[in-house]
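Have your viewer ready and the cartoon view switched on. We will walk through some helices one selection at a time.

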Amino acid sequence: MTESSEAEAAQKSEVTRVITGVIFAVLLIFLVVLSIGSPIVTIGNEAESMAYSVLVFLPVVVVCVLAILKSARADRASSLTQRTPGSLVGSLAKKTVRPADSDQGKGQTQPPDIKESARAG
Amino acid sequence: MPLSTFSPVIAELGFVVLAACVFWAGCKRFGKWPTTVFFLGSVLWTGPLENFAVIRGAYTYYGYASQVYHAYPGYLMWLGLLPFWIVLGWFVFAMSGFLIFHDVLLTKKRALVQAAASGLFAVNIDLMMDPIASSNSLWMWLTGSFKVFGVPIFNFLGWFLLIFVYDLIAWHTIFHSKPMRGLDVAERAIFRKGTPVDEQIHSGRLVFRIIALETVVIILLTVSTQLIDYVAYHVV
């Protein structure tokens, strides 16, 4: 898991929230704002129109909630993976074999700043 | 029912704002150029199809004409016989479905399954939206076709096909560069030179695919409407 995949997961989560927000706004415009004056009652009697509204409303809500949860979980998982001991060791190892150090003839590896590495993920 | 002059304003302005939000989300996820092409493609995809349906007399968008003053057509922005917010609406649903099913929920499934899910999702939204919109006269059904809750059945088939096919076009042409089954022979003959690099969007190929599949969808809808009406009125 790299920083770029963490950023991608975060971006995906943000975009999903915006998109589902838009879908909910469409539902709000049509079910609430435009329904003032009870045009939806033209579907049938009040009970029928209520049942119809719930039936068609539910799948949309379920899909949107699932999308939000899945993208948020992926985002969380990706940030957690970035902070596991394995990835910390990986980032430390990277730091010890930095080619710039040997090129400059320093010969010695720099002691890594663990806090910094952990923060950087 | 008396018409509220606020309804078309809410719908028109609402969809301009929502389309801007979806455009932003698309840019963030796929980049500015692919999202712009997706938007322009959706205008080219839905504009002629909707105008064709209006010309055939299936429905009209002039429910609010002359409500504010004599020559006022009911909405501010038009694309032929079609208010522009309808085109924006198609873009909103096409891009939302694409993002939700290709990018989040069904990432490991085939493009065909993702597109079908997107199409069904759009039909579901329309099942809620259409009875309200038509009873508010945002659009008015004029056709004598068999209706459920005041909405002709072929409309739902139309919604599914429009989103499903455009989703496939976008996936094969804008976000990937892949051949589409059934069109590849014609494309090989037309686009001999300048085969696109994988990363580029071939605009000529996109326009060709949109026009070709638009024709197929129009024929399919015309035939299936007759079939649905025959079954509804004579058999059931």
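**A walk through the helices of chain B**

Begin with H2(B): its 24 residues span 34 Å from the first C-alpha to the last, close to the 34 Å expected at 1.5 Å a residue. Keep in mind as you look around that this is a predicted model. In the numbering, H2(B) covers residues 32-55. Now move to what follows this helix and pick Gly57(B), where phi is positive, near 90°.

Next, step back to helix H1 of chain B, residues 6-30. With 25 residues, H1(B) reaches 35 Å between its first and last C-alpha, close to the 36 Å expected at 1.5 Å a residue. Select Gly31(B), just after H1(B), and you will find another glycine with a positive phi, this one about 105°.

**H2(B) beside H7(B)**

Keep H2(B) on screen and add helix H7 of chain B, residues 203-235. How far apart are the axes of the two helices, and at what angle do they pack? The axes are 10 Å apart and the angle is about 30°. An angle under 35 degrees counts as roughly parallel, so that is how H2(B) and H7(B) run relative to each other. Their crossing is right-handed.

To see the contact itself, show side chains. From H2(B), select Val37(B), Gly41(B), Leu44(B), Trp45(B), Thr46(B), Pro48(B), Leu49(B) and Phe52(B). From H7(B), select Leu206(B), Val207(B), Ile210(B), Leu213(B), Glu214(B), Val217(B), Ile218(B) and Thr222(B). Colour the contact by class and you get 12 nonpolar, three polar and one charged residues.

**H3(B) across H5(B)**

Now hide H7(B) and bring up helix H3 (residues 84-105) and helix H5 (residues 153-174) of chain B. Their axes come within 10 Å and cross at roughly 60°, which makes H3(B) oblique to H5(B). This crossing, too, is right-handed.

On the H3(B) side, choose Trp90(B), Phe93(B), Ala94(B), Phe98(B) and His102(B). They meet Trp159(B), Leu162(B), Ile163(B), Tyr166(B), Asp167(B), Ala170(B) and Trp171(B) of H5(B). By class, the contact has 10 nonpolar, one polar and one charged residues.

**Last stop: a pair of rings**

Over all chains, the structure holds 28 aromatic pairs. For one of them, select Phe38(B) and Phe91(B): the ring centres are 6.1 Å apart, with 65° between the planes, an edge-to-face arrangement. Phe38(B) sits in H2 of chain B and Phe91(B) in H3 of chain B, so the pair links distant parts of the chain, 53 residues apart.

Technical notes:
Residues are numbered from 1 along each chain as its sequence is written. Chains are lettered from A and ligands numbered from 1 in the order in which they are written. This is a predicted model: local features need pLDDT of at least 70, side-chain atom pairs count only at pLDDT 80 or more; totals for chains, interfaces and linings use all residues. Side-chain values use heavy atoms; hydrogens and water are left out. Axes are lines fitted to C-alpha atoms, for helices over the stretch in contact, and angles run from 0 to 180 degrees between N-to-C directions. Helices (H or I, at least four residues) and strands (E, at least two) are DSSP runs, numbered from the N terminus. Angles under 35 degrees count as roughly parallel, over 145 as roughly antiparallel, 65 to 115 as roughly perpendicular and the rest as oblique. A crossing is left-handed if the near helix is turned anticlockwise from the far one by less than a right angle, and right-handed if clockwise. Contact means heavy atoms within 4.5 Å. Ala, Val, Leu, Ile, Met, Phe, Trp, Tyr, Cys and Pro count as nonpolar, Asp, Glu, Lys and Arg as charged, and the others, Gly among them, as polar. The expected span of a helix is 1.5 Å times one less than its number of residues. Rings of Phe, Tyr and Trp (its six-membered ring) pair if their centres lie within 6.5 Å; planes under 30 degrees apart count as stacked, over 60 as edge-to-face and the rest as tilted.
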